[in-house]
Amino acid sequence: MENKIRCKWCLSSDLYKKYHDEEWGKPVYDDPTLFEFLLLETFQTGLSWITILNKRENFRKAFDNFDYKKIAQYEDSKIQELLLDAGIIRNKLKVYSAITNAQNFMKIQNEFGSFSKYIWDFVDGKPIDNKLRDLSQAQATTPLSDKISRDLKKRGFKFVGSTVVYAHMQATGMVNDHVEDCWTRS
């Protein structure tokens, strides 16, 4: 696979390449994985994605395998445990937002039948293919990520600015921002 052409942003580490090749931009329709990416993206705010990827398995362990039903019920003792866990990002506001977002995630499931249905309805159930020639064409936000961000915030979600939402859309394949010559497009 080393002879394959990839998006240039992932070339700095094997972990980045693996994530790019196996996950990034591939459509995700199951709620548990959508929540995992939502939690990770919110913790990434202000940090690099590689920082989060390097800590992903620590996050998985600390946050009960990203089980939003458990996270929604975290009590003070668990919160204190998380704030002492050097394996994750120990930002108090982000830890609390994980709980709030898990609770609101389940409210959306109750309203729409699944979070997947809710989020994918914004793109009519199919990925937007941006057909980027090179990374200079990539955007950090779009009018659609602005719209989704506003809706999530209205529903009580935290750390879901337009940049975070767009990163979530890229990670979960709602948008395909692989450059045109990337091997994953074949």
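1. The largest pocket of this predicted model encloses about 380 Å³ of space. Its lining is made up of 19 residues, and those closest to the pocket centre are Trp24, Gln44, Trp49, Ala167 and Gln170.

2. Three helices give two or more residues each to the lining of the largest pocket: helix 1 (14–22), helix 2 (31–44) and helix 9 (162–171). The greatest contribution is that of helix 9, which supplies four residues.

3. As to the character of this pocket lining, eleven of the residues are nonpolar, six are polar and two are charged.

4. The structure also contains one cavity of 30 Å³ or more. The space within the largest cavity comes to about 40 Å³. Leu38, Phe115, Ile119, Ile148, Leu152, Val165 and His168 form its lining. The elements that provide two or more residues to this lining are helix 7 (115–120), helix 8 (143–154) and helix 9. Helix 9 therefore has a part in the lining of the largest cavity under the definition of helices as DSSP runs, and helix 9 is also the element that gives the most to the lining of the largest pocket.

5. The lining of the largest cavity holds six nonpolar residues, one polar residue and no charged residue. The lining of the largest pocket, by comparison, includes two charged residues.

6. The largest nonpolar core comprises 54 residues. Those that touch the most other members are Leu39, Phe43, Phe59, Phe63, Ile71, Phe115 and Leu152. Helix 2 gives the most to this core, with seven residues. In soluble globular proteins, nonpolar side chains tend to be buried together. Two of the core residues just named, Phe115 and Leu152, also appear in the lining of the largest cavity.

7. Leu39 merits separate mention. When neighbours within four places in sequence are set aside, Leu39 is in contact with Phe59, Phe63, Phe66, Ile71 and Ala98. Among these partners, Phe59, Phe63 and Ile71 are themselves listed with the core residues that touch the most other members.

8. Is Ser149, a residue of helix 8, buried or exposed? Ser149 has a relative accessible area of 4%, and it is classed as buried because this value lies under 20%. Apart from residues up to four places away in sequence, Ser149 touches Val160, Gly161, Ser162 and Val165. Of these, Val165 is also one of the residues that line the largest cavity.

Technical notes. Residues numbered from 1 in each chain as written. Predicted model: local features only at pLDDT ≥ 70, side-chain atom pairs only at ≥ 80, totals over all residues. Heavy atoms only, no water. 1 Å grid on protein atoms, 1.4 Å probe; cavity = no way out; pocket = protein on both sides within 12 Å on 5 of 7 lines; lining within 4 Å. Points joined across faces, edges and corners; volume = space filled by probe spheres on them. Nonpolar A, V, L, I, M, F, W, Y, C, P; charged D, E, K, R; others polar. Core = buried A, V, L, I, M, F, W, Y, C linked by side-chain atoms within 4.5 Å. Buried < 20%, exposed > 50% of the residue type's maximum accessible area, 1.4 Å probe, protein only. Contact = heavy atoms within 4.5 Å.
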